[in-house]
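The exercises below ask you to work through a structure step by step, with a solution after each task. Try each task with the sequence and the model in view before you read on.

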Amino acid sequence: MAGSREVVAMDCEMVGLGPHRESGLARCSLVNVHGAVLYDKFIRPEGEITDYRTRVSGVTPQHMVGATPFAVARLEVPFPSSPTAAE
C-alpha cells in the first residue's frame, strides 16, 4: 500500500480508555474502490480499556488477546501524516 494512490474507504471501531472513557482505536478496516479488503485488524490501543462498547463496536475482550499493538499498526498503514507515508 505504501506507493498506492488508489481510493480507499476506512472503518474504525473504538473502545473507551481510562476513567473518562476516551476513545481508542480497537479495529481498523480498509477496502479499495472495488471492495477488496486491504487491511482488517484488531488493534490494541495504548491505555487501559475500561469500556469495550461491544453493543456498537462488536469488540470483546477476546479480540484484544491477539490484537496488533497500536504502535505497530500505525506503521503498517501509512497515511499522509505518518512517518512512512513519504516513502
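**Exercise 1.** Locate Ser-29 in the predicted model, decide whether Ser-29 is buried or exposed, and find what the side chain of Ser-29 contacts.

*Solution.* Begin with the strand: Ser-29 belongs to strand S2, which covers residues 22–32. Next, take the relative accessibility of Ser-29, which is 18%; since buried means under 20%, Ser-29 counts as buried. Then look across to the neighbouring strand, where Ser-29 stands opposite Asp-40 in S3. The two side chains also meet, for that of Ser-29 makes a polar contact with that of Asp-40 at 2.6 Å. Finally, leaving out residues up to four places away in sequence, Ser-29 touches Ala-9, Met-10, Asp-11, Tyr-39 and Asp-40.

**Exercise 2.** Work out how the strands are arranged in the sheet, and which strands lie at its edges.

*Solution.* Start from the whole protein, which has three helices and five strands that follow the pattern β-β-β-β-α-α-β-α along the sequence. The five strands form an open sheet in the order S4-S1-S2-S3-S5, with mixed pairing. The edge strands are S4 (49–51) and S5 (68–69), each of which pairs on one side only.

Now go through some of the pairs, keeping in mind that strands of a sheet pair through backbone hydrogen bonds, either parallel or antiparallel.

- S1 and S4 are antiparallel and share two bridges; the partner of Gly-16 in S4 is Asp-51.
- S2 and S3 are antiparallel too, and five bridges join them. These strands form a hairpin with four residues between them, and in the turn Gly-35 has a positive phi of about 90°.
- S3 and S5 run parallel and are joined by two bridges; here Ile-43 stands opposite Thr-68 in S5.

**Exercise 3.** Find how many salt bridges the whole structure holds, and say which parts of the chain are tied together by the pair Asp-40 and Arg-27 and by the pair Lys-41 and Glu-76.

*Solution.* The principle comes first: side chains of opposite charge can pair when their charged atoms come close. A search of the whole structure gives two salt bridges.

One salt bridge joins the side chains of Asp-40 and Arg-27, with 2.8 Å from N to O. Asp-40 lies in strand S3 (residues 37–44) and Arg-27 in strand S2, so this pair ties together parts that are 13 residues apart in sequence. Asp-40 counts as partly exposed because its relative accessibility is 39%, and Arg-27 is likewise partly exposed, at 26%.

Another salt bridge brings together the side chains of Lys-41 and Glu-76, with 3.1 Å from N to O. This pair links distant parts of the chain, since Lys-41 is in strand S3 and Glu-76 is in helix H3 (residues 70–76), 35 residues apart. Lys-41 is partly exposed, with a relative accessible area of 30%, while Glu-76 counts as partly exposed at 31% relative accessibility.

**Exercise 4.** Describe the surroundings of Glu-13, and determine which side chain of opposite charge is nearest to Glu-13 and how far away that side chain is.

*Solution.* Place the residue first: Glu-13 is found in strand S1, which runs over residues 8–17. The relative accessibility of Glu-13 is 19%, and therefore Glu-13 counts as buried. Beyond residues up to four places away in sequence, the contacts of Glu-13 include Gly-24, Leu-25, Ala-26 and Arg-27, and also Val-56, Ser-57 and Val-59.

Among these contacts, consider Arg-27, which is 14 residues from Glu-13 in sequence, although the two C-alpha atoms are 5.0 Å apart in space. Arg-27 is also the nearest side chain of opposite charge, at 6.7 Å. A salt bridge needs a nitrogen and a carboxyl oxygen within 4 Å, and Glu-13, though buried, has no salt bridge.

**Exercise 5.** State what share of the protein is buried, what share of its contacts spans 24 or more positions, and what supplies its exposed area.

*Solution.* Of the 87 residues, 31% count as buried. Turning to contacts with a separation of 6 or more, residues 24 or more positions apart account for 48%. Lastly, the protein exposes about 5700 Å², of which carbon and sulfur atoms supply 55%.

Technical notes
Residues are numbered from 1 along each chain as its sequence is written. This is a predicted model: local features need pLDDT of at least 70, side-chain atom pairs count only at pLDDT 80 or more; totals for chains, interfaces and linings use all residues. Side-chain values use heavy atoms; hydrogens and water are left out. Buried means under 20% relative accessible area, exposed over 50%, partly exposed in between (1.4 Å probe, protein chains only). Contact means heavy atoms within 4.5 Å. Lys and Arg count as positive and Asp and Glu as negative; His and the chain ends are not counted. Accessible areas come from the Shrake-Rupley method with a 1.4 Å probe; for residues, only the protein chains shown count as cover. A polar contact is a pair of N or O atoms within 3.5 Å; within protein, one must be able to donate a hydrogen and the other to accept it, and residues adjacent in sequence count only if both atoms are side-chain atoms. Two strands pair if DSSP finds at least two bridges between them.
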